[in-house]
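Please open the model in your viewer and follow the stops below in order. Each stop says what to select and what is found there.

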Amino acid sequence: MQAGSVHGVLFAVAVLVLVGIGVVTIGDQWWWLPPVASIHGATIDALFTVTLVVTGIVFILVHLLLAYFVWRYRARSPQQQAYFYLENRPLEVVYTLVPALTLTSLIAVGTRAWFRIHSSPPAEAMPVRVIGEQFAWRFQYPGADGTLGRFHPRFISEENPFGLDPEDPASHDDIITTELHVPLNRPVVAYINSKDVLHSFFVPALRVKQDAVPGMTTRFWFIPTQTGTYDIPCAELCGQGHYIMRGQMVVESNAAFEAWLAQQPTFSTMVGLSH
Ligand SMILES: [Cu+2]
């Protein structure tokens with residue numbers, strides 16, 4: 001082996017060793033996924049890991065092969081001609097079918113998870129309306145009757161910032177909050193609206209990012225599995241104050257949740273409606 005190629009190989013080995021050490025030490029301390037707090041979130045993480053492992057193996061194999069070919073078929077003399085052929089049917093079939101089957105399997109697994117996550121919520125799921133506004137998240141709980149009151153933008157006023165319909169009896173006992181509290185291990189279905197512009201309800205701990213669209217309701221449901229306080233940033237550039245649009249989700253025991261909810265004002269006390 002010539003001195004030049006020895007240096008090349010040593011350099012490649014040194015880079016590989018350094019990258020390996022970097023990935024193991026940095027990845028171990030600062031793994032980029034935030035804590036996961038729901039069943040669906042765990043499904044997304046599993047999907048993420050499977051995709052990372054499959055594509056990671058392919059990435060490493062392809063680069064090892066590339067390095068080997070560069071070294072194995074390097075020019076040895078100025079007269080050397082590259083071997084050329086127009087077609088190679090077996091090779092083409094293999095390099096078409098193998099990636100196609102691998103990617104289709106990954107997509108099939110992902111589609112199954114997607115359908116599970118976007119399925120209809122269980123009947124006992126607690127409904128919560130999430131409303132995005134410049135620049136905060138607000139939450140509406142159904143109150144004792146278990147039904148979310150209707151709302152319409154034309155009812156929005158200073159004392160009725162949610163635009164709840166005062167004519168709708170279901171809205172009178174509804175509870176308006178600035179934090180999202182949810183009881184542990186109980187299904188919750190979130191109906192997402194916006195008062196003004198596009199926002200995006202992003203709960204990293206649930207692995208959910210769902211647009212809040214003015215004039216329509218988007219929905220997802222989840223089962224919280226970890227108590228704690230989690231961020232709800234807005235993931236859609238929605239104006240000058242976008243950067244401060246950050247709410248909080250508190251996952252707590254059912255008793256703590258009920259106690260907290262009982263302290264929040266109802267719609268009728270907020271606007272002075274009589275029952
Ligand atoms: Cu926003």
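**Pockets and the cavity**

The second largest pocket holds about 180 Å³ of space. This is a predicted model. To find the pocket, select I44, W114, I117, H118 and R207, which lie nearest its centre among the 14 lining residues. Then colour α2, α3 and β7 (208-212), each of which supplies at least two residues of the lining. The largest share, 4 residues, comes from α3. By class, the lining of this second largest pocket divides into 8 nonpolar, 4 polar and 2 charged residues.

Keep R207 selected. R207 sits in the loop between β6 (199-203) and β7. Its phi is near 60 degrees, a positive value in a residue other than glycine. Is R207 buried or exposed? With a relative accessible area of 16%, R207 is buried, because buried means under 20%.

Go next to the largest pocket, with a volume of about 710 Å³. Select A12, L16, I60, H63 and L64, the closest to its centre of the 22 residues that line the largest pocket. The elements that give two or more residues to this lining are α1 (3-29) and α2 (39-72). Helix α2 provides the largest share, 12 residues. The lining of the largest pocket has 17 nonpolar and 5 polar residues, and no charged ones.

The cavity is the next stop. The count comes to 1 cavity of 30 Å³ or more, and the volume of the largest cavity is about 30 Å³. Select I131, F151, P153, I156, F162, N193, S194 and K195 to show its lining. These lining residues divide into 5 nonpolar, 2 polar and 1 charged.

**An open sheet and the helix across it**

Show β4, β10 and β9 as a cartoon. They form an open sheet of 3 strands in the order β4-β10-β9, with mixed pairing. Strands β4 (180-183) and β9 (228-233) stand at the edges with a single partner strand each, so one side of each has no neighbour in the sheet. From one strand to the next, the twist averages 25 degrees.

Now narrow the view to β4 and β10 (residues 246-252), which pair in the parallel sense over 4 bridges. Pick V182 here; opposite V182 stands V251 in β10. Add helix α5 (residues 254-263), which lies across β4 and β10 and runs at about 140 degrees to β4.

**Backbone details**

From β4, move to N185 in the loop between β4 and β5 (188-194). N185 has a phi near 65 degrees, which is positive in a residue other than glycine. The relative accessibility of N185 is 52%, so N185 counts as exposed; the cut-off for exposed is over 50%.

Which residues does a cis peptide bond join? Select Q134 and F135: the bond between them is cis, with omega about 5 degrees. F135 is in the loop between β1 (126-133) and β2 (136-141).

**Last stop: R89**

Finish at R89, in helix α3 (residues 89-117). R89 is exposed, at 57% relative accessible area. Draw a distance from the C-alpha atom of R89 to that of Q79: the two residues are 10 apart along the chain, and these atoms are separated by 29 Å.

Key
Residues are numbered from 1 along each chain as its sequence is written. This is a predicted model: local features need pLDDT of at least 70, side-chain atom pairs count only at pLDDT 80 or more; totals for chains, interfaces and linings use all residues. Side-chain values use heavy atoms; hydrogens and water are left out. Buried means under 20% relative accessible area, exposed over 50%, partly exposed in between (1.4 Å probe, protein chains only). Two strands pair if DSSP finds at least two bridges between them. Axes are lines fitted to C-alpha atoms, for helices over the stretch in contact, and angles run from 0 to 180 degrees between N-to-C directions. Contact means heavy atoms within 4.5 Å. On a 1 Å grid over the protein atoms alone, a cavity is a set of points where a 1.4 Å probe fits but cannot get out, and a pocket is an open set with protein on both sides within 12 Å along at least five of seven lines; lining residues have an atom within 4 Å of a point. Grid points are joined across faces, edges and corners, and a volume is the space filled by probe spheres set on the points. Ala, Val, Leu, Ile, Met, Phe, Trp, Tyr, Cys and Pro count as nonpolar, Asp, Glu, Lys and Arg as charged, and the others, Gly among them, as polar.
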